[in-house]
Amino acid sequence: MTPHDVLKDIIRQMGKVLVGFSGGVDSTFLLYSCLEILKADAVTAVVVDHPLMREGAVSDAVRTAGDMGADVRTTALNPLLSGKVSGNSPDRCYHCKLLIFGKLTEMARSDGIPWVLDGTNADDVNEYRPGIAALQESGVRSPLREAGLTKDRIRELSRQAGLPTWDRPSAPCLATRFPYGTFLTKEEIDRVRKGEKFLVDAGFPDLRLRVHSDGGSTVVRIEIPPDDMARLFSGGLAEQVVASLKGLGYRYITLDLEGLRSGSMDEALDLPDPGREDEPV
């Protein structure tokens, strides 16, 4: 059996599911698979609206799930109210996922849904992903991981299925834009969100805006794919980016010459392989 066949068997055996849905590549393919295998009334998609998501992420996810014919709901949660999340320790993601999936588990229980699913894939277990432990402790299933489906294969299967997300860039939560130990506030998160929206609107959908503060001076480090760097310096675009980011209150605007790399804030942890960042639910 192929991993895709294994996925179908796993979902079929569950019968009725609640999918934690972010609208990213993985959760969209998972939701599509559930809708394809189970009856539509046996599948519920829940989008968690929280302040660590990119601009427009909630409305995009709701629209994507609705276009697929899913029963989609939203629920609000603010992980920043927990000091274990706002303190931004290296295990921040564990505590955040514990809060989010604890709420989804409660929703599933009240609706008589036996299984809560998330979109963790087979590649994720080889990276630094403290949130995976929270999923396991909460009894959440990750069918893509269990079936052995990698990110590249999920993108290919999504393309074959005609899903609009097949080539969508990853969009990890905005907490990953700050060094560990930096206290996370709604104001700073909102500032990053606005800065990234400007860059996305300027034609750089795949990026991270990393924030470093020291003694009152704030440096923002723009990570974009190396192939996009030349375009940043054409047609006066760099000057517009500098003006926009300085208008948000950032003092020094820099471009990371190593380019976009997921998990770059994890490099300070001296892990063998820092890995990719978790996407929000």
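Biologist: How many helices and strands does the chain have?
Modeller: Eleven helices and seven strands. Those are DSSP runs numbered from the N terminus, with helices (H or I) of at least four residues and strands (E) of at least two. This is a predicted model, where local features need pLDDT of at least 70, side-chain atom pairs count only at pLDDT 80 or more, and totals for chains, interfaces and linings use all residues. Residues are numbered from 1 along each chain as its sequence is written, and side-chain values use heavy atoms, with hydrogens and water left out.

Biologist: Why do you call the chain as compact as a globular protein of that length?
Modeller: Its radius of gyration is 19 Å, close to the 19 Å from the globule rule for 281 residues, so it is as compact as a globular protein of that length. The radius is taken over C-alpha atoms, and the rule is 2.2 Å times the number of residues to the power 0.38. Along its principal axes, the C-alpha trace spans about 55 × 40 × 35 Å.

Biologist: And what share of the residues is buried?
Modeller: 49% of the 281. Buried means under 20% relative accessible area, exposed over 50%, and partly exposed in between (1.4 Å probe, protein chains only).

Biologist: OK, switching to H5. How does its span compare with what it should be?
Modeller: It agrees: H5 covers residues 92–110, and at 1.5 Å a residue its 19 residues should span 27 Å, while the end C-alpha atoms are 28 Å apart. The expected span is 1.5 Å times one less than the number of residues.

Biologist: What covers the buried residues of H5?
Modeller: The cover includes strands E1 (17–20), E2 (43–49), E3 (71–76) and E4 (115–117), plus helices H4 (83–86) and H6 (131–137). Among the buried residues of H5 are Cys93, Tyr94, His95 and Cys96.

Biologist: What comes after H5?
Modeller: Gly112 follows, with a positive phi near 70°.

Biologist: Thr105 is in that helix. Is it buried or exposed?
Modeller: Thr105 is buried, at 17% relative accessible area. Leaving aside neighbours within four places in sequence, Thr105 is in contact (heavy atoms within 4.5 Å) with Val116, Ser138 and Val140.

Biologist: Different spot: where is Arg159?
Modeller: Arg159 sits in helix H8, residues 151–161. With 41% relative accessibility, Arg159 counts as partly exposed.

Biologist: How far is Arg159 from Phe29?
Modeller: Their C-alpha atoms are separated by 9.8 Å, though the two are 130 residues apart along the chain.
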